Amino acid sequence: LFSVTVYAQIPNHLISPVDIPITLSASFGELRPNHFHSGIDIKTQQQIGLPMYSIDDGYVWRISISKGGYGNCLYLKHKDVISVYAHLDRFTPEITEWIRNYQYKNKTFEIDAYLGVNEIPVKQGQQVAWGGNSGSSGGPHLHFEVRDTTGVYVYDSQPLYNVYDNVYPRFKNIAINPVSGEGVVDNSYAYKIYGVKRTGTGKYTANSINAWGRVGLEVKAFDYMTGQNNFYGIKSLKMLVDDKLTFSYVMDKFSLDDSRYINSFINYGQWQKTRDTFMRCYILPNNPLPFYTSYNKGYLDINEERDYKVRVLISDVVGNTSELNFVIKGVKKEIPLMLNDSGTYVRYDFPALIQGEDYGMFIPKGSFYDNLYFDHKVSFDSTLNANVYKLHYLTEPLQNTAKLFIKLPKDSVPASKHYIALRNRKGDWNYVNTTLYNDSVLQAKTKSLGDFTVKVDTIAPEIRPQSRTSSRIILKIIDKQSGVNRYEGYINGEWVLFEEDFYGRVSYKLDKKRLKAKRPYHLEFRVYDNCGNMSEYKLRW
């Protein structure tokens, strides 16, 4: 059966958040690690400090400040929508004053605060900030979002601003994924990637592929825009088999609560291995994303010895459309029965408890996108002088947070100095959010699977002075094991605001309006890691 979703329209009276021609470095809904891109990235002419304007009457609804993520971020609530301005450099004086008062009152740099309707009203076209490069940003730009008034759903705002584009999207590769125990492709039950050939403007083809049984098609493709070097996400995709619509996808709107389900839309395992993003043209059992139309969940049943004509169409926001045509040949082949009894069988629609002699993992219902056999074992690693707990594979995504329990090793180190670490795709060990479950067990919360171990951190963080003037001091804080947890700065015993950036630099700018102390200043700066180790930096300033 087909299912179709119709999305509401954004009001067309909203103005641009910038007073320069809009060009984009990223489009709405692009495929990002563990999330869909929830806005458009507007280029700011490689500058920090371009004015940002309110797109409509309203008020400052929310302010968030963080070292990563959106960095300095402003949320404005209007009559019909909420607008979001991320990676800002600074705010206008009235907003800045509100932020500083909140930070000093709560003794915190990072904030996520909601304001009342009458606290800071704004008018359409009023300047609210200056663009920047704060947070997890690779260069100066404005990440701009339009949300519904609940703040949960995000819309594609690009159609509001008439971004010129006459460049067609491009196919890069296709892949065929035979369903385990139900399909084969080119005499194999393994996943296969194939190249494509461009035959004209917006026209592509691929060599014919032999298959039998149930298979799924995947597509790697990107969009491009006039005069830009960037590549962008695909707005919509359609797959037709023998001229019958079998699968389609349109990215107009999504719920932020659903964003992690991107890992059911892309082939997550392939992304973990190669960082290639293949879009599935079939729908896994636990994929509730609402922007599909499908027949037979998009799967292709190749059960006749004939040519199946496949046509895939990809489009951008303004309708530039490219087309790929190829043939899947139905070649009858015995399908091997896939047997896997080496792991624990887990259903996606039930919770799972994985247990060993000194470890356990609780995985909530709905964490997997399909049923699977969960491999797990423990082995001793002489290079680490510790056990390694194999809990399935890094290439298998988790939708929800799992809880991992590991018994503390028998050593003379205090329990609080132990933490659980996960081996990343490069082979390095990364801290996982760890707490003491009891005197003999560590607990970690994780949204990743793979190899875990217990490590010890007794080394305090490092504080490196970077620069100092009469009115400003910059330090760099580093912790190569469990990572920095928090820091605090005092002058003559009085808390002062140190601001942190994405690269671990913290800075204090002399604020005589708030600082009661008089020179000479006695600075005390302390930083703590996730295992409670502390370093202190003192300075007569």
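**Reading strand pairing**

Mentor: In S20, Leu245 is the bridge partner of Leu240. Please bear in mind that this model is predicted.

Trainee: How do strands of a sheet pair?

Mentor: Strands of a sheet are joined through backbone hydrogen bonds, and the pairing is either parallel or antiparallel. Here, strand S19 (residues 236–241) and strand S20 (residues 244–250) run antiparallel and are joined by six bridges.

Trainee: How many residues lie between the strands in the hairpin of S19 and S20, and which residue takes a positive phi?

Mentor: Two residues lie between the strands of that hairpin, and Asp242 takes a positive phi near 50°.

Trainee: How many bridges join S20 to strand S23?

Mentor: Three bridges join S20 to strand S23 (residues 292–294), and these two strands run antiparallel. Within this pairing, Phe247 stands opposite Ser294 in S23.

Trainee: I should now like to read a sheet as a whole. What is the order of the strands in the open sheet of four strands?

Mentor: The order is S42-S41-S45-S46, and the pairing is antiparallel. Strand S42 (494–496) and strand S46 (534–540) are the edge strands, as each pairs on one side only. From one strand to the next, the twist averages 25°.

Trainee: Over how many bridges do strand S45 and S46 pair?

Mentor: Strand S45 (residues 522–529) pairs with S46 over seven bridges, in the antiparallel sense. To place one residue pair in that register, take Val527: its bridge partner in S46 is Ser535.

Note on methods
Residues are numbered from 1 along each chain as its sequence is written. This is a predicted model: local features need pLDDT of at least 70, side-chain atom pairs count only at pLDDT 80 or more; totals for chains, interfaces and linings use all residues. Side-chain values use heavy atoms; hydrogens and water are left out. Two strands pair if DSSP finds at least two bridges between them. Axes are lines fitted to C-alpha atoms, for helices over the stretch in contact, and angles run from 0 to 180 degrees between N-to-C directions.
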